[in-house]
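This briefing is for a reader who wants the enclosed spaces, one surface patch and the salt bridges of a model set out by topic. Please keep the sequence and the structure at hand while reading.

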Amino acid sequence: MAKSALLKSSLAKKYWMAFTGLFLCTFLVGHLLGNLQLLLPVSEAARDQFNEYALFMTTNPAVMILSYVTYISILFHAIDGIVLTVRNRKARPQKYVNFKPSTNTRWASRNMGILGTVILVFIVIHMQMFWAEMKFGSLEAYSTASGAQVKDLYTLTIQSFQDAEYGLIWVIVYVISMIAIAFHLSHGFASGFQSLGVNHPKYNNFIKKFGYAFAILIPLAFAIIPIYIHFGLEKI
Amino acid sequence: MKLTLKIWRQKNAKAKGSMQTYNISDVSPDMSFLEMLDVLNDSLIEKGEEPVEFDHDCREGICGTCSLQINGEPHGPDRGITTCQLHMRKFKDGDTIVIEPFRAAAFPVIKDLVVDRNSFDRIQQAGGYISVNTSGNTQDANSLPIPKEDADMAFYAATCIGCGACVAACKNASAMLFTSAKVSQMALLPQGKIEASERVLAMVDQMDKEGFGNCTNTGACEIECPKGISLENIARMNREYLKASVK
Amino acid sequence: MGKFEAKIPKGPLAEKWTNHKNDINLVNPANKRNIDVIVVGTGLAGGSAAATLAELGYNVKTFCYQDSPRRAHSIAAQGGINAAKNYQGDGDSDYRLFYDTVKGGDYRAREGNVYRLAEVSANIIDQCVAQGVPFAREYGGLLDNRSFGGVLVSRTFYAKGQTGQQLLLGAYSAMNRQINRGKIKSYTRHEMLDIVLVDGKARGIIARNLVTGEIERHSAHAVVIASGGYGNVFFLSTNAMGSNVTASWKIHKRGAYFANPCYTQIHPTCIPVSGDHQSKLTLMSESLRNDGRIWVPKKKEDAEAVRAGKLKPSEIKEEDRDYYLERRYPAFGNLVPRDVASRAAKERCDAGFGVNRTGEAVFLDFSTAFERYGKEAATSKKIENASKEKIVELGKEAVEAKYGNLFQMYEKIVDQNPYETPMMIYPAVHYTMGGIWVDYNLQTTIPGCYAAGEANFSDHGANRLGASALMQGLADGYFVLPYTIGDYLSNDIRTGAISTESKEFEDAEKEVREKLEKFINLKGTKPVDYFHKRLGKIMWDKVGMSRNEQGLKEAIEEIKQLREEFWKDVRVPGGTDEMNAELEKAGRVADFLELGELFAKDALHRNESCGGHFREEYQTEEGEALRDDENFMYVAAWEYKGNPSDAVLHKEDLVYENIEVKTRSYK
């Protein structure tokens, strides 16, 4: 019983949801730290630094394992979410004529699926724009000052957001997506702990507040990057 | 007070139901919500129509029989009470009140506003007990001291009246709050710890079989619960289940 | 017909139960598997009996009209459960609990039964703790106790204001365990509509499935009735809306004697009636009397001004308040037994001192408690020279910690803040001490038919003490009935399964069907509640807290007429083959209309005042109850003979060998 319980039961599905979700939170932190390099003033050094970092992230075996875990987590989180949603729908086949969940719940907590879908679409766009371009696209390789052969992801990124025609649109798409992530995290972070059974009157408040801070600060920092590139950074 | 009532009418479990509109006057603000329905029913009977069937019994908020989704919320707009404790002074003259049965796959409608909540009983039967016989030849009650804090927490979990408001309020019709309250009560007490693993596995298994939804941690259940059963219980059950599964 | 014989075992009081258990026949475990027992009602008595019978190995079928056994009205008991544990070391003992109960019952209970109750009371607590019932505890981890009306020790175990709920959920969990094992088959939303006798023995029941309307036959080797009391004969009571006398009344009509129907407990602390729409009365736990003081204005003009809303109770000066319980009963004060407290409230209100719109309410005031607790809190918090406001504030906090949920409930219902203005209370029908007559084994006068809990008459005499109902229900169910029933069933080990195809079942079913159809076909003009309310009014006005000969005679006539009217003019909509709450109610009210008359008849014949039965003709000069031990020290057991008026009285004399019969005094 115990073994199947950890795979099939409703609680197990939530454990996986929470576990993958919280793992993705740590991924967000790492990803953000790397991306903050894009805020450096435009220079050869900045370009080299970012492109070498990108090379490292795509070739280092340890990082590669981590990134596969991340992909799997995203996929699992999304599929598990769909499975849960289907079951949830089935649990109330006849809807209420009058249902007022706004009186007792926060909007984000009720719309994790929609928010998640927005985020998933964003991830596809985001990966198409940069990851796929770098992996399969026609990005030119060049030698950095330290002699490494890298693809110029830096220029692609900066130009994408500075593009005269589409740059602003991309900035808006990214900002909206970050807002979606913020709402998703505002519920998901603390909820993950609750699903894993971490709930104690002494620490609940801390987890909640930390969750809100996380949900605001991380997406905000992410959102600043395209905004700054578009409006603040020297044009290249 | 004069009111317009929109009530779900359904002849029996198989029939298709619909919302019907009734007008009612002479409602006193001192009436309880169910007394208002009594007045409606008496007038329907005198007119030769079929009265509205609804569940109720103790009318003092403890038996958990009364249900009703009133204006989109289980047990109506007030907090910390059951429908039978809801008074008409919470409404205004001329209001329209929408009254529906609790909706969940695991709570099929029997008639009008009456639903079948035996799925809750079956969850309890799966393991919501401590396996001691009833001979009375157990040890002296005071030979097992229990920290007051644990006893109090177990008590608060045990005050669940099994009304189903948690399921009705949940967007997923999840029974996590109900199930976890019983799991918690037992898990907090030394008497219950002995078979805690078997209990939580069996009860969750039954809960899943009954077709309840999953917990999204929205917290609607806790807010609508007439007894204020805490979400902490859900976390405790998550913990207990995790422990039991990896064992 | 069974024997009308109490069967109290011989020997010294303290050894009766043990000796009896040693003497009676047992059924061996293998044979128990072939024996079926039906339990009607799943409250404390029925639930615990079913669980224990199943535990012992019998095949049990339980029936309840609620949608789950957990909803039986035992759940509403608030205050606590008595047990002679003497954990507080205040001199409690089996004998003292026995003594208090007999005295509290105004010397109208059986010595042997009550002693047994006291004896097993301690086991109940052990049992419930083992089952995980979360009783209140002290900081040291041991069980806490509180004190209740009518006694001088603290022997009441409690779980805040939800003791009944916790105990019932304990019994329900014991049932669930047996359901899971397959030893109990639970029939919910089923109502017993008749008992079936084969060769004079109880062999099954006819029940209606309240969801589909189907009439079902169920057979068994014995039938246990644990369907609670009949307080709803008054329409307004603290009972649940569905609480009814039907199961008891049906077995009465088939030969079970009905004992002391007039003994009714009127609980002193209920929320007063607010208007004609009222469907139900709400109890405020008796524990409130520990700290609240009960009063009415001393001057009539003050009372009138309060009623008219011109004067606030807080504006009445201390010296103009009449703390009538403290005045009349200095020893027990506000903690006199329920019957005494209720009558005293009625006396003041009848004399024109009532304090709400209807003139039927008295104050329950916590201002003294606020001050007392406030001072204690100030001292323990080392606040020196605390202002009066500060003390009251601290006191309110302390009271909130103790009774917060009750205060909140009061505010929700009455829409007044009891922290600012005193609560208003008035007595309401709460419990019926009378019920089906049973012998020491809890067997009725129908062989094989047993009665347990509030449904039987046995242990409380003419008045029940607080926190004793839960004790009796669980004692009967867990520790008495499952053993005594074995004595009877030991003769049934060769009987084999009972067929439901016999003529007796067929006839009983036919009768039930005809009656149900009659209701539907009457097509009168008035809903069932119309009659129930009128019955309730007759009962409350003439057979209520105090009764007199003339009123009782009138009541008997009026009930008869009402019954005739009911059978001509009641309107039951819908059909028999569907869920139909009105049809259920009609059946129950029809039975109440018969019981009500027997109730009045019993009250009329008992020319004395005792416990919950107060006859105005029989009182002392100070207005205290006047018993007549010479002529009425007996149990009045009524045999059904067709009409309530034709019921035949059988007397079971009460013998007191271990207790001195005295005038009950709480002065």
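**Nonpolar patch and the cavities**

Helix 4 of chain A makes the largest contribution to the nonpolar patch, supplying 3 residues. The model is a predicted one, and the points below take up that patch and its chain, then the two largest cavities, and finally the salt bridges.

**Surface patch on chain A**

- The nonpolar surface patch covers about 670 Å² and is built from A:L7, A:W16, A:F19, A:Y68, A:I72 and A:F76.
- Two elements of chain A, helix 2 (10–35) and helix 4 (61–90), each give two or more residues to this nonpolar patch, and A:F76 is one of the residues located in helix 4 of chain A.

**Chain A as a whole**

- Chain A contains 9 helices and 2 strands, and when its elements are read from the N terminus they follow the order α-α-α-α-α-α-β-β-α-α-α.
- The C-alpha trace of chain A extends over about 60 × 40 × 35 Å along its principal axes.

**Largest cavity**

- The structure has 12 cavities of 30 Å³ or more, and the largest cavity encloses about 860 Å³ of space.
- Its lining consists of 49 residues, and those lying nearest the centre of the largest cavity are C:H73, C:S74, C:G228, C:G229 and C:E454.
- By class, the lining of the largest cavity comprises 24 polar, 19 nonpolar and 6 charged residues.
- In chain C, at least two lining residues of the largest cavity come from each of helix 3 (44–56), strand 6 (190–198), helix 7 (246–253), strand 15 (423–432) and helix 13 (469–489), and helix 13 of chain C gives the most, with 4 residues.
- Two domains of chain C take part in the lining of the largest cavity, since at least three residues are drawn from domain 1 (13–265 + 430–492) and at least three from domain 2 (268–429).

**Second largest cavity**

- The volume of the second largest cavity is about 620 Å³, and 34 residues line the second largest cavity, with B:H56, C:A581, C:E584, C:K585 and C:R588 lying nearest its centre.
- Residues from chains B and C appear in this lining, where helix 1 (33–46) of chain B, helix 15 (528–542) of chain C and helix 17 (581–605) of chain C each provide at least two.
- Helix 17 of chain C gives the most to the lining of the second largest cavity, with 7 residues, and the lining as a whole divides into 13 charged, 12 nonpolar and 9 polar residues.

**Salt bridges**

- Over all chains, the structure holds 83 salt bridges.
- One salt bridge pairs B:R89 with C:D415, and the closest N and O atoms of this pair are 3.6 Å apart.
- This pair crosses between chains, with B:R89 in the loop between strand 4 (73–74) and strand 5 (96–100) of chain B, and C:D415 in the loop between helix 12 (388–414) and strand 15 of chain C.
- Strand 15 of chain C, which bounds the loop holding C:D415, is also among the elements that supply at least two residues of the lining of the largest cavity.

Key:
Residues numbered from 1 in each chain as written. Chains lettered and ligands numbered in written order. Predicted model: local features only at pLDDT ≥ 70, side-chain atom pairs only at ≥ 80, totals over all residues. Heavy atoms only, no water. 1 Å grid on protein atoms, 1.4 Å probe; cavity = no way out; pocket = protein on both sides within 12 Å on 5 of 7 lines; lining within 4 Å. Points joined across faces, edges and corners; volume = space filled by probe spheres on them. Nonpolar A, V, L, I, M, F, W, Y, C, P; charged D, E, K, R; others polar. Domains from an automatic or database assignment. Patch = residues over 30% accessible without salt bridge, like charges linked within 9 Å, V, L, I, M, F, W, Y side chains within 5 Å. Areas by Shrake-Rupley, 256 points an atom, 1.4 Å probe, with all protein chains shown as cover. Salt bridge = Lys/Arg side-chain N within 4 Å of Asp/Glu carboxyl O.
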